[in-house]
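Let's take a walk through this model, one chain and one contact at a time. Have the viewer open and follow along.

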Amino acid sequence: MSNASNTAIAAEPGIVVRVLASRNLVIGLIVTFILIAMALVSFVWTPFSPTALNFAEKLQAPSLRHWFGTDNFGRDVLSMIMVGARNSIAVSIVAVVVGAGIGVPLGAVAAARGGWIDGVVMRMSDLAFAFPALLTAVIITAIFGPGAVNAMIAIGIFNIPVFARVTRGASMGLWKREYVQAARCAGRSDTAITALHILPNINHVLLVQVTIQFALAIVAEAGLSYVGLGAQPPMPSWGKMLNDAQTFIYDAPWLAIFPGLAITFAVLGLNLLGDGLRDILDPKVRRQR
Amino acid sequence: MTQPLLKVTDVVREYRLPRPSIFSKQEWLRILHGVSIEIAPGESLGIVGESGSGKSTLARAVMGLERPQSGQIMIGGKDIYALDRTSLRDARKGFQAIFQDPYGSLDPRHTVRTIISEPVVSLERGVSAAERNRRVAEVLDAVGLPAASADKYPHEFSGGQRQRVAIARALITRPSLIVADEPVSALDVSIQAQVLNLMMDLQEKFGLSYLFISHDLGVVRAITDRVAVIHLGRFVEQGPTGEVFDNPQDPYTQALVAAVPKPFSGRRKSKRQQN
Amino acid sequence: MTQPLLRMADLSVELPIGDTKIDIIANTNLELGRGERLGIVGESGSGKSITALAVMGLLPQKMRVRGELIFDGHDLAKMSEETFCKFRGRRMAMIFQEPMTALNPVKPIGAQIAEGRILHLGETRADAEKRARLLLDKVGLPAPRFNLDLYPHQLSGGQRQRVMIATAIACEPDLLIADEPTTALDVTVQAQILDLLNDLIDDTGMTLMLITHDLGVVSEMTNRIAVMYAGRVVETGRTDDVFARMAHPYARGLFAASPHGAGLMPRPAGAGRPRLTAIPGVVPDPFERPPYCTFADRCGFVRDDCRQSMPALDLLSTNEGIEHRAACLHPCESLVRP
């Protein structure tokens, strides 16, 4: 290998090397992969049917037959967690897509136009921030009725101001950059500049925010279904499992422990993924030398 | 006399000051107090001034980026702030810009080819990809960069080379006027000389006019035919570069020229050697 | 001759990268007597700022000093951080390029100037602030317009640089290091700050180490100069001698490329614009410096033997007890100006 290419590698290691060098990212990726794999596998196979009632085997402690035990209707907890992952992920994906899909354009327009448009967008997001996020979601589902779809929309709506703020904050600085001025001298419209020069330069910020919002959405979904405003029976969901477990907390603690662990595991994994992505994507962290 | 290429007439530019509260009256800060200049085809005019003098504001106004509150900016006989979108796009082919920061003026996510061809893509919609690539190769050659540079990214270049890329981008629509805002201030002296020489060569080769903004009197002296000294938003003196710097008339210009440290001046030394 | 205030003997600053080490500064030999004014000139990457930081003990974590760095009989290279703290700010002080970032934005200027005297000289706050008042007067910021309770953001760039100077000279240091002190300032303000520094140094007899890229500034401010290129001193001597001869082709090239050199000379009438004498190529990357003369690949006077070994800093002449040395096998002979 030539000398020049050696130094090029020293200066900017390949993507694989950088990914492996970040422990956060590796752990985050593994956890996220397990979570998604669990949800995907549940479509074709679960140890038992998550909805079939089997009173003969109710409230069994974890065993080789039922790894995570069974609930008061004899349903297999592991199977319910696997199917619940499906629900958590679906709700979170939709919530993040709704939040980013509306929030990013709003933030981008606010940064590009400034002035009163910026003022209106930011005051609206202040207003949204003034209500605690979970409370907002509770209000929305209370108005439109409980259910997985409304939970998705509710969580998505409180994601909008988060994405609007992050997008606006990250792009404001870029609008003063000289390459943006150069693009304007080249006759580019604000929309073209946003698409070609602003968003590609803030995608690392947005990607990190997506992982964080995803984790928060999982918690929010669990919260909503815990109070009965999320997924409706017989669809299993982690929050609902926690709620059902309350009655048996002393007799069958595994009913609370395993869904709780599932939520912790998912949130921790996604946060590590976000930190790891920031480590390798953010030019400021990356430029250590 | 031939028609001037750039004619700036009585340009006033004010900025909105941040209001202490939403109920207080909006205050404005006047940066340019009605300035007028002209540049003939093929001529280079230097604007010299200190920070806060309004020289960069004037540059941005001429680049078509910030509409002045009053006054006219005519480029090639057209008032650029009176044009509709399509005509402005057409007019922009005639004037391009070079900026100060060789690290900030190139989008780090794009290849040099994308960066240099951006004005063509945006301003000359009918040009084919093959023709665009031919023109990229042509301007890269003109600024002294190898054709292979086109597929590299900005971070692979040194400061001086990046500024060459920025110059290539300004040349690709074959403009007659280039507005250069402190184009060599961020460069080391030896690289600065290379870029200034290149700009002079290109000017003679393509018959360009420069509006050259700088705080550095030496640099302005090297590259411009005429110079205008700006102080607190007004021109205090204009004239042929040599005359203004050798024999400044206005007290501010005199102070400016005298303040520049010079080798062999013997200044600040005499006192020391007596001690 | 008395002992010099500062002596660098074979001083190198190394930076470990992976398994290898590279020398950011290589084998520098410099002496600075009491009351002298030394200018260190160079472009970015020449190592001039690293030299200053090495003397102040403020090098970035990873960098290590090798060789001798003797300040008034103490070897700074081997000094513990604890002892160094007693020197820094007391015996030696530094002025930075950007006064906005070098001053603490949330502390009044009076407290920042007084801080050193309280810390190093054990003065009471009242005494130290009385002293701070005198210092502000001295740097041209008189009361009542410039009170001690002002904050940095209430001052202009030039005024902030004056506060920096007052902070630096508060403990009457022996050595004042100024790293590009006027680069961020307008020319007219630069002239005022240079005048101020000039007068202060004349009055106090401080030793000055001035780091700059501006040949005009060194020429006016210093009596001794070291030109650095790619981590090495390539020419040093009395400022006037070095300017008169510019024995090293890099020194000559830098001068010719500088618009002060060509630009401010009267231009021949009607002859069109003369081109500047640019130095071709770029400063070699610290990772890829050649094992021979680092300037050979850009040099207009290069000969075959230039690419065989690293030239030593050879003695050319001695004038007023100051040696004129250049690291070139074929130093230029002709005088630039009589």
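At what angle do helix H6 (residues 157-169) of chain C and helix H7 (residues 187-204) of chain C pack? The angle is about 15°, and the axes of H6(C) and H7(C) lie 10 Å apart. That makes H6(C) roughly parallel to H7(C).

Before going further, some ground rules. This is a predicted model, where local features need pLDDT of at least 70 and side-chain atom pairs count only at pLDDT 80 or more, while totals for chains, interfaces and linings use all residues. Residues are numbered from 1 along each chain as its sequence is written, and chains are lettered from A, with ligands numbered from 1, in the order in which they are written.

Helices here are DSSP runs of H or I with at least four residues, strands are runs of E with at least two, and both are numbered from the N terminus. Axes are lines fitted to C-alpha atoms, for helices over the stretch in contact, and angles run from 0 to 180 degrees between N-to-C directions. Angles under 35 degrees count as roughly parallel, over 145 as roughly antiparallel, 65 to 115 as roughly perpendicular and the rest as oblique.

Back to chain C. H6(C) passes H7(C) in a right-handed crossing (the near helix is turned clockwise from the far one by less than a right angle; anticlockwise would be left-handed). On the H6(C) side, the residues in contact (C-beta atoms, placed from the backbone, within 7 Å) include C:Gln161 and C:Ile165, and among those they meet in H7(C) are C:Ile193 and C:Leu196.

Chain B has a helix pair of its own. Helix H3 (residues 112-123) and helix H4 (residues 129-142) of chain B pack at about 115°, with axes 10 Å apart, and H3(B) and H4(B) are therefore roughly perpendicular to each other. Their crossing is right-handed. B:Arg113, B:Ile116, B:Ser117 and B:Val120 in H3(B) meet B:Arg132, B:Arg135, B:Val136 and B:Val139 in H4(B).

The table sorts the residues of three contacts by kind (nonpolar: Ala, Val, Leu, Ile, Met, Phe, Trp, Tyr, Cys and Pro; charged: Asp, Glu, Lys and Arg; polar: the others, Gly among them).

| Contact | Residues by kind |
|---|---|
| H6(C) with H7(C) | seven nonpolar, four polar, one charged |
| H3(B) with H4(B) | four nonpolar, one polar, three charged |
| Side of chain B that touches chain C | 15 nonpolar, eleven polar, eleven charged |

As for that last row, 37 residues of chain B are in contact with 38 residues of chain C. H6(B) gives the largest share of chain B's side, eight residues.

Chain B also has an open sheet of four strands in the order S2-S1-S4-S5, with antiparallel pairing (two strands pair if DSSP finds at least two bridges between them). S1 (residues 6-16) and S4 (residues 70-75) of chain B pair over five bridges, and B:Thr9 has B:Gln72 in S4(B) as its bridge partner. Helix H1 (residues 55-62) of chain B lies across S1, S2 and S4, at about 115° to S1(B).

And chain A? Its secondary structure comes to twelve helices and zero strands. The C-alpha atoms of chain A fill a box of roughly 75 × 60 × 30 Å along the principal axes. Of its 289 residues, 44% count as buried (20 or more other C-beta atoms, placed from the backbone, within 10 Å of a residue's own; 12 or fewer is exposed, in between partly exposed).

Key:
Two residues are in contact if their C-beta atoms, placed from the backbone, lie within 7 Å.
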